[in-house]
Amino acid sequence: MKKTLGSIYLTLVLIFLYAPIATLMILSFNSSKSRSHFGGFTFSWYLSLFENEEIMAAFKNTIILALLAAFIATVVGTAACTGMVAMKKRSRSIIMGITNIPMLNADIVTGVSLMLLFIAARATMGFTTVLLAHITFNIPYVILSVMPRYRELNASTYEAALDLGAKPIYAFFKVVLPDLMSSVLSGFLMSFTMSLDDFIITHFTQGPGFDTLSTKIYSEVKKGINPEMYALSTLMFLSILILLFFVNYKPWTKQTVGEIKVTTKKEVIVSSAKGGVR
Amino acid sequence: MNNKRTRYVAAPYLIWSIGFIIIPLGLVLYYAFTNADGALTIDNVADIISYVNIKALILSIAFSIVSTALCLLIAYPLSLVLSSLISNSSSILSLLFILPMWMNSLLRTYAWQNILERKGVINGILTAINLPPLYIINKPPAILLGMVYDFLPFMILPVYNSVSRIDKDLINAAKDLGAGYKEIFFRIIWPLSLPGVISGITMVFVPSLTTFVISDILGGGKILLIGNVIEQLFTQDSDWNAGAGLSAVLMIFIVISMLITAKYDKEDIR
């Protein structure tokens, strides 16, 4: 009895979470452009999607931006952790405090503050400003993912490498980095997904003529969203679903990659909240 | 790795954080406390007490308190159910709860328009089974629903994390010693899950306090939250001083909510 009630509850919450997704998927096959009337099944939005230059450009921007921002944030963030480990406790906690600001601050304040910075610097708003903004809010995710792993790391392997004559940089790449790799990767993935979905900060730092999927959707809300957008997001959602399915069902990668995928946002939320308190 | 030179590897980030975190926040404060001519003034910040702004702020606070409470009310039992299931299937289940976050959140929020509309999905179902239709689109309940929907995963994950980490032996021991369900819940499960609950509250409260997207999409632009006011000041009115002034006020509320949660967190862990 208790188990049935539990499963019913679980199902209800899942329906709540997936109802909008299902709606979007159904609408992506709707031959009528109206949102409230299903005119029949069609694949035409999927075909015209690839001819819609605006959507494709926004999609390209989104992906390139997310990859580039996540990559730069991962490099800068991992380096920051490496440097912080060698610091005294006080200076380290000051830097960690600064790192927490973008995590705990409201997106709108972060967005506005960066916008004021770019205006003050007389920068032209566009790809570069959005990229700088995304790197800024991504670095904390990388640091909060890599830092705990650094603390668990066994320092003697690195020292052993140095004793055996390795140069510090060589030892870092050969000994330390492989140990950190899973948390570095999860920092990268977190950053990537955060960039992919960000709207508010992009909204304040974008310039005319530059759109990501989020800002494009926002500008379409009032006049009605192009059904091709439904088709695109259905495709994106399905590819992630398939990807996750494979990652989780390959027995040999389960422990490394599988774990990363599943825990991405979970880790952020927990670690960010904890970091904020400290 | 305690080589002194290693520290300098953090230099790029330090420069970055000064340039893109500290200076921008300083700029918000600068604009907040100056007028268009650059003269010092507190008018921008004091502007919060104007009728429109204070109404938006109170409404935002009310919305975010209710949506945070609702998220907790949904997420807590869910976490209990999830963690009571076999550990293997629950990892796949928890994946199911994260998965929606990978679809664009604006689009998912927008989809609620279709569901809630006058002739939307819900009313289609309601009229089909001869029930009166529900008109909540462009009204406060729709915004609240959007907030709960958008931020629920941010409550589920930390709460589930802390609930699932509770040592089952503790619960079994309490049972052996004759504790009832009520006692087990209030004296073991709840106190041990509090850190997760508190991080969940922080994760939901701040974004729902400051959102302008959800009220824009599901409120039909009729209901102004403090986020909407700030957004309009910056993008439509180009009044950066006034916008920065209200942002500074918002920062105060964020800091207060962080301090409150930090205080409770420390007290309850002990």
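A pocket, as the word is used here, is an open set of grid points with protein on both sides within 12 Å along at least five of seven lines, and its lining residues have an atom within 4 Å of a point. With that in hand, the second largest pocket of this predicted model turns out to be lined by 23 residues. Those that lie nearest its centre are A:Lys2, B:Leu80, B:Val81, B:Ser84 and B:Ile189. Both chains pitch in: helix H1 (2-27) of chain A gives two or more residues to the lining, and so do helix H3 (51-84), helix H8 (168-176) and helix H9 (181-210) of chain B. H1(A) supplies the largest share, with 7 residues. Sorted by class, the lining has 14 nonpolar residues, along with 5 polar and 4 charged ones. As for room inside, the second largest pocket holds about 770 Å³ of space.

Next comes a helix in chain B. Helix H7 (residues 140-164) of chain B is 25 residues long and spans 34 Å from first C-alpha to last, close to the 36 Å expected at 1.5 Å a residue. There is a kink in H7(B), though: a bend of about 45° sits at B:Phe151, shortly before the proline B:Pro153. How much of H7(B) is buried? The count is 21 of its 25 residues, so H7(B) is largely enclosed by the rest of the structure.

Chain A is a helix-only affair as far as helices and strands go, with 12 helices and 0 strands. Reading along its sequence, one simply meets α after α, from start to finish. Of its 278 residues, 57% count as buried. A:Ala80 gives a good close-up. This residue lies in helix H3 (residues 53-85) of chain A. Is A:Ala80 buried or exposed? Its relative accessible area is 0%, and since anything under 20% counts as buried, A:Ala80 is buried. A:Ala80 and A:Met147 are 67 residues apart along the chain, yet their C-alpha atoms are separated by 9.3 Å.

Finally, a word on cysteines. A:Cys81 has 0% relative accessibility, so it counts as buried. Over in chain B, B:Cys71 is buried too, because its relative accessible area is 0%. How many disulfides turn up over all chains? The count comes to 0, with a disulfide taken as a pair of cysteine sulfur atoms within 2.5 Å.

Key: Residues numbered from 1 in each chain as written. Chains lettered and ligands numbered in written order. Predicted model: local features only at pLDDT ≥ 70, side-chain atom pairs only at ≥ 80, totals over all residues. Heavy atoms only, no water. Helix = DSSP H or I, 4+ residues; strand = E, 2+ residues; numbered from the N terminus. Expected span 1.5 Å × (residues − 1). Bend = angle between axes of the 7 residues up to and from the residue. Buried < 20%, exposed > 50% of the residue type's maximum accessible area, 1.4 Å probe, protein only. 1 Å grid on protein atoms, 1.4 Å probe; cavity = no way out; pocket = protein on both sides within 12 Å on 5 of 7 lines; lining within 4 Å. Points joined across faces, edges and corners; volume = space filled by probe spheres on them. Nonpolar A, V, L, I, M, F, W, Y, C, P; charged D, E, K, R; others polar.
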